[in-house]
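Colleague: I should like to learn how to read the packing of a protein model. Might we work through one together?

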Amino acid sequence: MTNTASVDEQIQAIASGAGTGETCSPSLAKGPWEFDREAPSYGPGASLGDVIPVGSPRQGALPEEYKTASNEELHARIRTAKETLGNRVVILGHFYQRDEIVQHADYLGDSFQLANAAKAHPEAEAIVFCGVHFMAETADILSGENQSVILPNLAAGCSMADMADIDSVEQCWAELSAIYGTEPDADGRVPIIPVTYMNSAADLKAFCGRNGGIVCTSSNAEVVLRWAFERGQRVLFFPDQHLGRNTAKAMGISVDDMPLWHGRKPLGGNTESDLLDAKVVLWNGFCSVHKRFTVDQIDKARVDFPGVRVIVHPECPMPVVDAADEYGSTDYIRRAIENATEPSTFAIGTEINMVQRLATQFPEHHIFCLDPVICPCSTMYRIHPGYLAWVLERLVAGEVVNQISVDASVATEAKVALERMLAAKPA
Ligand code: SF4
């Protein structure tokens with residue numbers, strides 16, 4: 001039987017001892033303001049291997065009234081503020097947000113669908129992006145000049161996006177350019193094209209814009225790689241090694257031709273000959289949420305539920321993607337379930353809030369997360385109704401707080417790479 005409690009309700013129950021099950025951190029049950037003002041961190045539930053960069057945005061103090069209000073009071077205040085603001089505000093919610101936020105969103109989607117939703121509302125003075133920092137940056141780049149993009153909690157970053165910074169990527173680019181040179185081949189293809197995943201900072205998108213490169217999402221990565229190989233002999237793919245490897249492998253590229261680049265090691269820890277043979281140079285980044293999925297979990301699901309359909313996200317490691325029946329973006333996963341004509345059992349390898357929501361929305365199917373431990377994306381989880389109520393009520397009072405504003409020169413170059421992605425179509 002499907003558990004219809006939200007992820008937060010389940011975590012609260014486990015932390016209080018009233019519920020069964022396991023969470024990766026009972027501290028998730030506390031309000032994120034308990035952690036936001038300490039040294040910058042990804043918060044409870046984050047992988048201990050993730051090191052937050054110096055200078056990461058920090059959230060200032062949240063007024064006490066929002067910390068002590070009950071969920072019911074916060075929901076009522078959010079609804080009232082939203083009604084007062086009318087079409088002056090649009091609220092965007094990522095698939096990985098908690099239900100307590102999603103219920104107030106005008107749009108629910110992946111990062112690119114939401115950036116497009118922002119673009120589609122030029123009448124809104126403010127776009128409240130309930131997601132993480134790089135998403136709000138992209139919305140700011142694609143939205144109108146007079147619109148403000150607001151991230152309710154500035155501490156909501158992304159550990160994967162933080163794994164590639166502009167200095168390390170510039171250094172890598174200089175080393176690769178020294179090996180490959182700059183001359184095109186007989187077909188006019190340049191030695192290397194940079195491709196950044198949407199999950200990256202705006203300055204990395206700008207880097208791609210000024211170096212003949214492009215942005216990709218998990219739903220168009222193959223189309224984008226084909227675009228890149230029409231123009232270049234090789235690709236530098238960052239920051240997610242798994243999306244790069246899984247996509248290139250599906251296109252027939254040997255994993256032997258995909259060396260891993262470790263930032264800060266000479267030649268990224270590779271030999272010159274490895275790099276000369278490379279088709280895709282993969283940055284050593286990963287998503288801590290999708291790294292939790294394992295082949296053992298898939299094997300267990302197949303034993304427990306013969307006939308189970310296993311679908312995982314391409315941010316999962318390659319052995320997990322290989323062991324699954326299918327893989328695809330969050331939107332692919334949602335559509336696969338929506339289009340299933342017979343009641344089925346689905347084991348899903350992506351963030352728990354989305355899986356739990358799908359399970360509630362499609363009670364005719366048995367849908368469960370491959371990872372039995374409740375461990376949401378720790379940074380997505382920093383967006384709490386208390387923060388949403390605060391930013392909306394400040395807007396009602398005429399004040400824009402937590403605005404995400406990308407420097408104009410960075411935005412111009414990043415937009416070039418984003419527009420190349422929009423123009424890239426399947427062959
Ligand atoms: S799920 Fe992974 S890639 Fe997505 S925001 Fe969280 S840490 Fe970043």
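**Reading the packing**

Modeller: Let us begin with a single residue in this predicted model. Valine 195 touches Cys208, Gly213, Ile214, Cys216, Val224, Leu225, Ala228, Val235 and Phe237, leaving aside residues up to four places away in sequence.

Colleague: Which residues have the most contacts inside the largest nonpolar core?

Modeller: They are Leu92, Ile127, Val128, Phe129, Ala139, Val195 and Ile214, in a core of 131 residues. Helix α17 (residues 385-396) supplies the largest share of this core, with 7 residues.

Colleague: How should one read burial along a helix, and which residues of helix α15 are buried?

Modeller: One lists the buried positions and then looks at their directions around the axis. In helix α15 (residues 330-338), the buried residues are Thr330, Ile333, Arg334 and Ile337. These lie on the same side of α15 because they cover an arc of only 95 degrees around the axis.

Colleague: What covers the buried residues of α15?

Modeller: The cover includes the strands β10 (309-312), β12 (345-349) and β13 (366-369), together with helix α16 (352-361).

Colleague: How is a pair of packed helices described?

Modeller: Two values serve: the angle between the axes and the distance between them. Here, helix α6 (residues 111-119) and helix α7 (residues 133-142) have axes that cross at roughly 35 degrees and come within 9 Å. The crossing of α6 and α7 is right-handed.

Colleague: Which residues of α6 and α7 meet?

Modeller: From α6 come Ser111, Leu114, Ala115, Ala118 and Lys119, which meet Met135, Thr138, Ala139 and Leu142 of α7. By class, this contact comprises 6 nonpolar, 2 polar and 1 charged residues. Ala139 of α7 is also among the residues with the most contacts inside the largest nonpolar core.

Conventions: Residues are numbered from 1 along each chain as its sequence is written. This is a predicted model: local features need pLDDT of at least 70, side-chain atom pairs count only at pLDDT 80 or more; totals for chains, interfaces and linings use all residues. A nonpolar core is a set of buried Ala, Val, Leu, Ile, Met, Phe, Trp, Tyr and Cys residues joined through C-beta atoms within 7 Å. A residue is buried if 20 or more other C-beta atoms lie within 10 Å of its own, exposed if 12 or fewer, and partly exposed in between; C-beta atoms are placed from the backbone. Helices (H or I, at least four residues) and strands (E, at least two) are DSSP runs, numbered from the N terminus. Two residues are in contact if their C-beta atoms, placed from the backbone, lie within 7 Å. The arc is that of the directions from the helix axis to the C-beta atoms. Axes are lines fitted to C-alpha atoms, for helices over the stretch in contact, and angles run from 0 to 180 degrees between N-to-C directions. A crossing is left-handed if the near helix is turned anticlockwise from the far one by less than a right angle, and right-handed if clockwise. Ala, Val, Leu, Ile, Met, Phe, Trp, Tyr, Cys and Pro count as nonpolar, Asp, Glu, Lys and Arg as charged, and the others, Gly among them, as polar.
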